[in-house]
Amino acid sequence: MKQKINYLLALVFIAIAMVSCMPEDDIFDETLLYGKWKSGTEFYRFDSDGKGKNWDAAETEEDDEGGSFTWTLVKADLTVIRITTTTGSGIPHTYTVLELTSSKLKFNDGFEDQTFSKVN
């Protein structure tokens, strides 16, 4: 009986140790997202009111001519809802933020990592 209790205690100790070593959910400060971001010729502008623009500088230099979207950042989940010009409805895209600092934004779109630098 004493041996079973020792095994049970060892099992409980191992379970607690494994849980304490699990990584915490990444939580990013959404205020770091505010502003204009660039990767190659692609730009994103995230405004503090949860709206933004996306454009390609190869097609236009004006950010006001870019596609409109709304966005939310919850923990590491960045949801961008692109507003279509034909219907006015939104198409959601979810990204996993891997890194967000005052100068660098890195996220995964489900296929590949994309890295942006803040330009203002």
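Which residue is the bridge partner of T96 in β7? That partner is N108, and the strands around this pair make a good way into the fold. A word on the model before going further. This is a predicted model, in which local features need pLDDT of at least 70 and side-chain atom pairs count only at pLDDT 80 or more, while totals for chains, interfaces and linings use all residues. Residues are numbered from 1 along each chain as its sequence is written, and side-chain values use heavy atoms, with hydrogens and water left out.

**Overall layout**

The protein chain has one helix and eight strands. Here helices (H or I, at least four residues) and strands (E, at least two) are DSSP runs, numbered from the N terminus. Along the sequence the order reads α-β-β-β-β-β-β-β-β. The eight strands form a closed barrel, β1-β2-β3-β4-β5-β6-β7-β8, with antiparallel pairing. From one strand to the next the twist averages 35°, with axes taken as lines fitted to C-alpha atoms and angles running from 0 to 180 degrees between N-to-C directions. Strands count as paired if DSSP finds at least two bridges between them.

Of the 120 residues in the protein chain, 26% count as buried. The cut-offs are under 20% relative accessible area for buried, over 50% for exposed, and partly exposed in between (1.4 Å probe, protein chains only). The accessible surface of the protein chain is about 8300 Å², and 57% of that belongs to carbon and sulfur atoms; these areas come from the Shrake-Rupley method with a 1.4 Å probe, and for residues only the protein chains shown count as cover. Contact means heavy atoms within 4.5 Å. Among contacts in the protein chain with a separation of 6 or more, 33% come from residues 24 or more positions apart.

**From β6 to β8**

Back to the opening pair. Strand β6 (residues 90-100) and strand β7 (residues 104-108) are antiparallel and share four bridges. They form a hairpin with three residues between them. E99 stands opposite K106 in β7. On the other side of the story, β7 pairs with strand β8 (residues 113-118), again in the antiparallel sense, over five bridges. N108 turns up here too, with D113 as its bridge partner in β8. The β7 and β8 hairpin has four residues between the strands, and G110 takes a positive phi near 100° there.

P92 also sits in strand β6. Is P92 buried or exposed? It counts as exposed because its relative accessibility is 55%. Leaving aside neighbours within four places in sequence, P92 is in contact with V80 and I81. P92 and W71 are 21 residues apart in sequence, and their C-alpha atoms are 9.2 Å apart.

**The nonpolar core**

In soluble globular proteins, nonpolar side chains tend to be buried together. A nonpolar core here is a set of buried Ala, Val, Leu, Ile, Met, Phe, Trp, Tyr and Cys residues joined through side-chain atoms within 4.5 Å. The largest one has 17 residues, and L33, F46, W71, L73, L78, L100 and L105 touch the most other members. The elements giving two or more residues to this core are β2 (42-46), β4 (67-74), β5 (77-83), β6 and β7. L73 touches F28, D29, E30, L33, L78, V97 and L100, not counting residues up to four places away in sequence.

**Aromatic rings**

Rings of Phe, Tyr and Trp (its six-membered ring) pair if their centres lie within 6.5 Å; planes under 30 degrees apart count as stacked, over 60 as edge-to-face and the rest as tilted. The whole structure holds nine aromatic pairs, including these two:

| Pair | Centre to centre | Angle of planes | Type |
|---|---|---|---|
| Y44 and F69 | 5.9 Å | 65° | edge-to-face |
| Y95 and F107 | 4.7 Å | 55° | tilted |

Y44 in strand β2 and F69 in strand β4 are 25 residues apart, so their pair links distant parts of the chain. Y44 is buried at 5% relative accessible area, and F69 is buried at 2%. Y95 lies in strand β6 and F107 in strand β7, so that pair ties together parts 12 residues apart in sequence. Y95 and F107 are both buried. Ring pairs also link Y34, Y44, F46, F69, W71, Y95, F107 and F116 into a cluster.

**A loop residue**

K75 is found in the loop between β4 and β5. K75 has a positive phi of about 55° although it is not a glycine. With a relative accessible area of 42%, K75 is partly exposed.
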